[in-house]
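Trainee: I would like to test some labels against their definitions. Can we go through them one by one?

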2 protein chains.
Amino acid sequence: MPENLAYHSPAAPERFASIDRPTLVVDRARAERNIARMAAKAAASGVRFRPHQKTHNNVEIGEWFRAAGVTAITVSSVEHAVRFADAGWDDITIAFPLVTRAMPVIRDLAARVHLGLLVDNAVAIETLRSVPDPVDVWVDVDGGYHRSGVDPEGGGLFDLREPLLGLGRHRLRGVMTHAGNSYKAHELADIREVWRRTAATLSYAAEALERYTGRRGPDDDDIGDRRLEVSVGDTPGCSVMERFAGVDEVRPGNFVFYDCQQLALGVCDEDDLALAVACPIAAVYPQRNEVLIHGGSVQFSRDAATWPYGEHYGRLATVEADGWHPLPVEAGHLRAISQEHGVLRVSPEVLAELRVGDLAFIVPAHACLPANLVRDWLFI
Amino acid sequence: MPENLAYHSPAAPERFASIDRPTLVVDRARAERNIARMAAKAAASGVRFRPHQKTHNNVEIGEWFRAAGVTAITVSSVEHAVRFADAGWDDITIAFPLVTRAMPVIRDLAARVHLGLLVDNAVAIETLRSVPDPVDVWVDVDGGYHRSGVDPEGGGLFDLREPLLGLGRHRLRGVMTHAGNSYKAHELADIREVWRRTAATLSYAAEALERYTGRRGPDDDDIGDRRLEVSVGDTPGCSVMERFAGVDEVRPGNFVFYDCQQLALGVCDEDDLALAVACPIAAVYPQRNEVLIHGGSVQFSRDAATWPYGEHYGRLATVEADGWHPLPVEAGHLRAISQEHGVLRVSPEVLAELRVGDLAFIVPAHACLPANLVRDWLFI
């Protein structure tokens, strides 16, 4: 076993000594490397990099993006848009279909920043008339994930023709989707297929909207001059594609940290894992090879990763000089969680290394939720 | 269909008009009735009512308990203990095995309030020596849920003999468990069986500890004079038992709101459901009988309730003069959630009543998580 499987209270390096409750620990060097890699790929592909801030949702980490040359960002709610606008960002897209009840806040935002809004229905588009300052309008298209967006097969795009023609001061900018279906992939080839299918579907949708809104003639088949943009954004796709072909903008978010789900999909390496949750060990149960940690669904939510023998909520990691590394799932995983309790199932060899008062470093199944739920952060 | 299936923006009563993001709405009359009913049952049974504050975790709702005569409470973390101590509570039990890394905060708490602490291992018990002010010590016993606590069958209670004899100024108060296994019941009789089995196991554990620590002679079989207390606390058990037989203290928490899980178990009625999450409707998809709401795993977590055709995360409710009532599951349930998105599957009849800009009232599958995750509250 590595010597530093977990930090024992008395021997904890100073930087972890004060942790007395579940705390997000971010490996800054890894996160910055993840950001730089994605930014470079976008630049090489000639597409706009508008990274999603929903995973970290932390304005301090936002500055790491800015340092990497990022000037445009994506957020997932009106509230987050306000937070990042307050932190000095002035080109923000809210990648959630317009919440029409929030128009007062949205009008304020539109007056302060270059705002992009997502719509997928006539009511939302018509509501935009009440926004005095011009905004970019993106049409949400369902590329196959069936969460939100216009079904491109159902005539729904044509139904938006009249409302879109009445946009007035606002600019129809393009079509957008989140290909969350890539998370269901079994192998990397599936993820590439989702990318190609999504890009083709969105491209078709953009051209259809161009025809409906008079930007393109009915017999104009030249796809080279498409003027409406295509924006996509899932981390699996953006991680495995070598070039971002067929799109104009990418909005991945999870890639800043990655997690066990992404590792299981094969879209990141172990040393890309930039977030762990440090959880105090409250009890060790040798009879059942289990360990109780302070860290439950309030901190981890309940998104699971699969392994051959079921599901787990995170993997126990060793902490090495170059950062943490998850143990094999069978050697240590978060088997069960309730509100504040987490039960780690570990091998006998690992159990022998763990003591009450240690910190267990858990790489979560899905990083987005802990990053949004836990308020204590530590950057190392 | 009822007229007021959801509140349309223009017609919304004043009290809901300002809701522009997922908001917890609490029916105060129902919550107070739930509190009064449980308090009366505890009083009639002659047991201490030490309600868990982990579900609402809200000091304002804590005052509703105080108004019902409650003077002693349970919390699930050191952080929550501080919050409720700051709100004036002076008899607090932290029902989570001692987090030894948090001793500085715990020492401060012990100096301020009558503090109860839970332990299940020698390291934790020995750590209590560093607390100058006397605390009540409860031994966590695994009554069958296998989350935390000493296995009463494994010799583990005897192993605690020496540490417990060295408690010094602290007082060994009793044994405690959370019978979370009651949530797996198929019928009410199962829940009653879990209660009886748990009470018997804990009673045995209390007597064993009395023998090991010299409070009871080796041949003393009179169970009538047990001096160590038994504390239990699951909402299903506390709701269905007519009398709290065999225990000295009850610590239920979820009962203040109840939820779809409890309704499915049969331990509450529809008009006991005191919490709903009001979520803005962002899109309506007639083609697939689905509705997009702002409200996802950041708000609901991912605890599910089961129904014959799978799982769901909450039920759509109508809002009537006497409060909300969940529709049948097939008429409206939260089918899928991602970070901020919720997809409601509804019947065609319900879909026809819903419009972009309405609020959907969702009774969550499990109330504890939304109540801890959503920051916007509205009491009606």
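The talk below takes salt bridges, burial and the chain contact in turn.

Mentor: This is a predicted model, where local features need pLDDT of at least 70, side-chain atom pairs count only at pLDDT 80 or more, and totals for chains, interfaces and linings use all residues. Residues are numbered from 1 along each chain as its sequence is written, chains are lettered from A and ligands numbered from 1 in the order in which they are written, and side-chain values use heavy atoms, with hydrogens and water left out.

Trainee: Why is the pair E249(A) and R48(A) called a salt bridge?

Mentor: The rule asks for a side-chain nitrogen of Lys or Arg within 4 Å of a carboxyl oxygen of Asp or Glu. Here N to O is 2.5 Å, so the pair qualifies.

Trainee: What makes E249(A) buried and R48(A) partly exposed?

Mentor: Buried means under 20% relative accessible area, exposed over 50%, partly exposed in between (1.4 Å probe, protein chains only). E249(A) has 0%, so it is buried. R48(A) has 25%, so it is partly exposed.

Trainee: How do you know that R302(B) and D303(A) form a salt bridge?

Mentor: Their closest N and O atoms are 2.3 Å apart, so they pass the salt-bridge rule. R302(B) is in chain B and D303(A) in chain A, so the pair joins two chains. D303(A) counts as buried because its relative accessibility is 8%.

Trainee: How many salt bridges cross the interface of chain A and chain B?

Mentor: The rule finds six there. Another one is E79(A) with R375(B), at 2.8 Å between the closest N and O atoms.

Trainee: Which residues are in contact?

Mentor: Contact means heavy atoms within 4.5 Å. Chain A gives 59 residues and chain B gives 59 residues.

Terms used: Helices (H or I, at least four residues) and strands (E, at least two) are DSSP runs, numbered from the N terminus.
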